[in-house]
Amino acid sequence: MAELQPTQFGVPSDTGGKDLGIFLPIANGGWIISKNKPEIDGSYDYCRQCGVLAEEAGFDFIMAMAKYRGYGGETHHWDSSLDSVMTIAGLAEATSRVKTWGTVHTLLQNPGVVAKMIATLDQISGGRAGLNVVTGSYKGEFSQMGAWPEGVDHDARYDLAKEWVTAIKRLWAENSVTMDGTYVKLEDCQSWPKPQKRPFLVCAGSSKKGMRFTSEEMDAIFLSGGDAEQLAQASKDAKEDAASIGRFVRTYSMMTIVLGETDEEAQAKAKHYADGFDEGALEGMMRAYGFLDNEIGKENDFTRKARSSFMSAHIAGSSETVAAQLTELFEVAGTDGLMLIFDDYVTGIPKFGKEVLPVLRERFPGKIAVGSNA
């Protein structure tokens with residue numbers, strides 16, 4: 001049986017390398033829930049610095065989430081956030097090489113509108129456009145706008161997303177599209193201009209239904225967790241599911257990096273952030289995740305992890321330690337890429353680009369490219 005090949009998008013994973021990207025801080029506070037964290041205001045000016053620095057440092061992509069309601073607390077965590085696609089469009093203009101990926105919620109936006117938005121981003125970026133497809137979200141974010149569809153459960157949201165993505169792909173490729181789906185209805189729908197090539201598609205569906213949606217429609221999946229062995233199994237499952245229908249899917253994970261000149265310095269920073277943990281923001285986050293109010297304050301695995309103040313898995317150490325741990329993560333997990341968060345992006349991105357990224361590039365060079373972009 002021939003080895004499945006990834007669709008070519010001009011990233012290292014096209015030929016077996018590792019894709020390294022930046023999760024842009026488009027909401028205030030970044031990804032650390034603490035009164036002691038470095039100031040990140042979630043402004044376009046700050047994100048523009050991050051995007052330009054990411055390109056200069058040699059990263060492969062930048063991505064912005066979509067967020068419509070924050071967690072509050074003393075730090076007003078994520079109470080202020082930019083629009084994802086507009087931010088990425090601005091950064092596409094400010095950069096020339098790094099891939100530019102925005103986020104859209106399938107429940108919120110009509111596929112006919114999104115098809116044109118991303119085709120426009122494709123022109124602005126010169127073919128670097130990508131779309132992070134989010135099939136669901138937190139009820140409070142959508143119900144505040146009267147946009148939460150009652151009766152559309154977890155699995156149904158993937159059925160909706162399947163129709164939604166099918167519509168967008170057809171609008172990017174066909175002169176006219178008519179669909180009479182359960183959730184998407186188009187009548188002689190036309191969308192011009194077309195992207196010069198089909199934009200990169202990624203999502204984070206980890207359930208069985210979500211994984212099959214990824215296998216059928218996406219180019220990559222974000223896997224949850226930071227433990228190498230767990231990631232290895234999740235990556236294996238995702239790749240095998242895609243392979244069962246003759247497709248190759250890239251597997252990514254996410255990691256927060258706290259760099260210091262020494263391990264002790266970096267770990268002291270991480271402890272300082274944990275010491276300033278914002279309990280009120282945790283309460284807001286738990287409500288957003290759908291936890292019952294009477295469960296707030298109870299100690300469980302979620303709250304224990306959250307009290308580190310980090311919203312993702314994290315590594316705190318010197319450049320040498322971070323490079324060694326990320327190398328081990330890739331070697332054990334076998335994933336295709338990593339999206340990085342920094343406690344302080346403006347200092348962290350250049351330092352990582354100079355002292356860590358070259359180590360990873362040398363260790364995971366990929367194979368010689370044999371095909372052109374598709």
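**Figure 1. Strand E9, wrapped up by its surroundings.** In this predicted model, strand E9 spans residues 250-259, and nine of its 10 residues are buried, so the rest of the structure largely encloses it. Buried here means a relative accessible area under 20%.

**Figure 2. Who pairs with E9?** Three strands are worth picking out in this close-up. Strand E8 (residues 220-222) runs parallel to E9 and is joined to it by three bridges; look for Ile221, whose bridge partner in E9 is Thr251. Strand E11 (residues 337-342) also pairs with E9 in the parallel sense, this time over six bridges. Here Met255 sits opposite Leu340 of E11. Then there's strand E10 (residues 314-317), parallel to E9 and tied to it by four bridges. To find your way around that pairing, start at Val258, which has Ala316 in E10 as its bridge partner.

**Figure 3. A look into the largest pocket.** The space in this pocket comes to about 1,800 Å³. It has 47 lining residues, and those closest to the pocket centre are Tyr138, Ala204, Ser224, Met254 and Tyr289. Four elements each give two or more residues to the lining: strand E3 (99-105), strand E4 (129-134), helix H5 (154-173) and helix H10 (301-306). H10 supplies the largest share, with four residues. Sorted by class, the lining of the largest pocket holds 25 nonpolar residues, 16 polar ones and six charged ones.

**Figure 4. A cis bond at Pro193.** Zoom in on the step from Trp192 to Pro193 and you'll find a cis peptide bond, with omega near 5°. Most peptide bonds are trans, so this spot is worth a second look. As for where to find Pro193, go to the loop that links strand E6 (185-189) and strand E7 (200-203).

**Figure 5. Two positive phi values outside glycine.** Most residues other than glycine have a negative phi. His76 goes the other way, with phi near 50°. You'll spot His76 in the loop between strand E2 (61-63) and helix H2 (84-94). Its relative accessibility is 49%, so His76 counts as partly exposed; the exposed class needs over 50%. Asp188 has a positive phi too, near 45°, but this residue belongs to a strand, namely E6. With a relative accessible area of 43%, Asp188 is partly exposed as well.

Technical notes
Residues are numbered from 1 along each chain as its sequence is written. This is a predicted model: local features need pLDDT of at least 70, side-chain atom pairs count only at pLDDT 80 or more; totals for chains, interfaces and linings use all residues. Side-chain values use heavy atoms; hydrogens and water are left out. Buried means under 20% relative accessible area, exposed over 50%, partly exposed in between (1.4 Å probe, protein chains only). Two strands pair if DSSP finds at least two bridges between them. On a 1 Å grid over the protein atoms alone, a cavity is a set of points where a 1.4 Å probe fits but cannot get out, and a pocket is an open set with protein on both sides within 12 Å along at least five of seven lines; lining residues have an atom within 4 Å of a point. Grid points are joined across faces, edges and corners, and a volume is the space filled by probe spheres set on the points. Ala, Val, Leu, Ile, Met, Phe, Trp, Tyr, Cys and Pro count as nonpolar, Asp, Glu, Lys and Arg as charged, and the others, Gly among them, as polar.
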